[in-house]
Amino acid sequence: MATFTFHHVSLSVADLDAQRDFYCRAFGLVEEYHVEWPESGMRLAVLSGPGGTRIELTERAGSSPQSFADAYDAAGVQSYSHWGLATADLDAAFAAITSAGAEPVSPPANASRQGTRYAYVKDLEGNLIELIGR
């Protein structure tokens, strides 16, 4: 059987420039590369950071938004519901990310799995991000 390692997650966005700036500022990511296809109205940027964190932001003219109030709401639709990121200091990460413009959804709290804590935020366009601390 083949083995796999994580490569990236892709997120469709309305405003590539604003989202790229937010993810770089809030998560310390840097742009690896960007591509534009004017004939199809698409633009793409790949951002990466330490530890293999990588996100592909894709903007397509005329795309339609989808937003969820929280993780339970997102689980009611069969699709990817959030992006989960581990951090060594959940409280500091939550404070920094919300200071960078993320909307708090649920503050740091104990998870049902012993020794684990979590929090949720939304990016500038309402996409859910779970922060996980141990």
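Helices and strands are here DSSP runs, numbered from the N terminus, with at least four residues (H or I) for a helix and at least two (E) for a strand. In this predicted model, P38 lies in the loop that links strand 2 (30-37) to strand 3. Exposed means over 50% relative accessible area; P38 has 68% relative accessibility and therefore counts as exposed. Its C-alpha atom is 9.9 Å from that of R60, a residue 22 positions away along the chain.

**Overall architecture**

The protein chain contains 3 helices and 8 strands, in the order β-α-β-β-β-α-β-α-β-β-β from the N terminus. Its radius of gyration is 15 Å, close to the 14 Å that the globule rule gives for 134 residues, so the chain is as compact as a globular protein of that length. The C-alpha trace spans about 50 × 35 × 35 Å along its principal axes. Of the contacts between residues at least 6 apart in sequence, 48% join residues at least 24 apart. Buried residues account for 34% of the 134 residues. The exposed surface of the chain is about 8,200 Å², with 53% of it supplied by carbon and sulfur atoms.

**Strand 4 and its partners**

Strand 4 (residues 54-60) is largely enclosed by the rest of the structure, because 5 of its 7 residues are buried. Its pairings with strand 1 and strand 3 are set out below.

| Partner of strand 4 | Sense | Bridges |
|---|---|---|
| Strand 1 (residues 9-13) | parallel | 5 bridges |
| Strand 3 (residues 42-48) | antiparallel | 7 bridges |

Within the parallel pairing, S12 stands opposite T58 of strand 4. On the antiparallel side, V46 has E56 in strand 4 as its bridge partner. The hairpin of strand 3 and strand 4 has 5 residues between the strands, and G51 in this hairpin adopts a positive phi near 80 degrees.

**Nonpolar core**

In soluble globular proteins, nonpolar side chains tend to be buried together. The largest nonpolar core here has 23 residues, of which Y23, I55, L57, I97, V121 and L131 touch the most other members. At least two residues of this core come from each of strand 1, helix 1 (16-27), strand 3, strand 4, strand 5 (83-87), helix 3 (90-99), strand 7 (117-122) and strand 8 (128-133).

What is V121 in contact with, leaving aside its neighbours within four places in sequence? The residues are F94, I97, T98, A102, E103, P104, V105, N127, L128, I129 and L131. Two of these, I97 and L131, are also listed with V121 among the core residues that touch the most other members.

Technical notes:
Residues numbered from 1 in each chain as written. Predicted model: local features only at pLDDT ≥ 70, side-chain atom pairs only at ≥ 80, totals over all residues. Heavy atoms only, no water. Buried < 20%, exposed > 50% of the residue type's maximum accessible area, 1.4 Å probe, protein only. Pairing = 2+ DSSP bridges. Core = buried A, V, L, I, M, F, W, Y, C linked by side-chain atoms within 4.5 Å. Contact = heavy atoms within 4.5 Å. Rg over C-alpha atoms; globule rule 2.2 N^0.38 Å. Areas by Shrake-Rupley, 256 points an atom, 1.4 Å probe, with all protein chains shown as cover.
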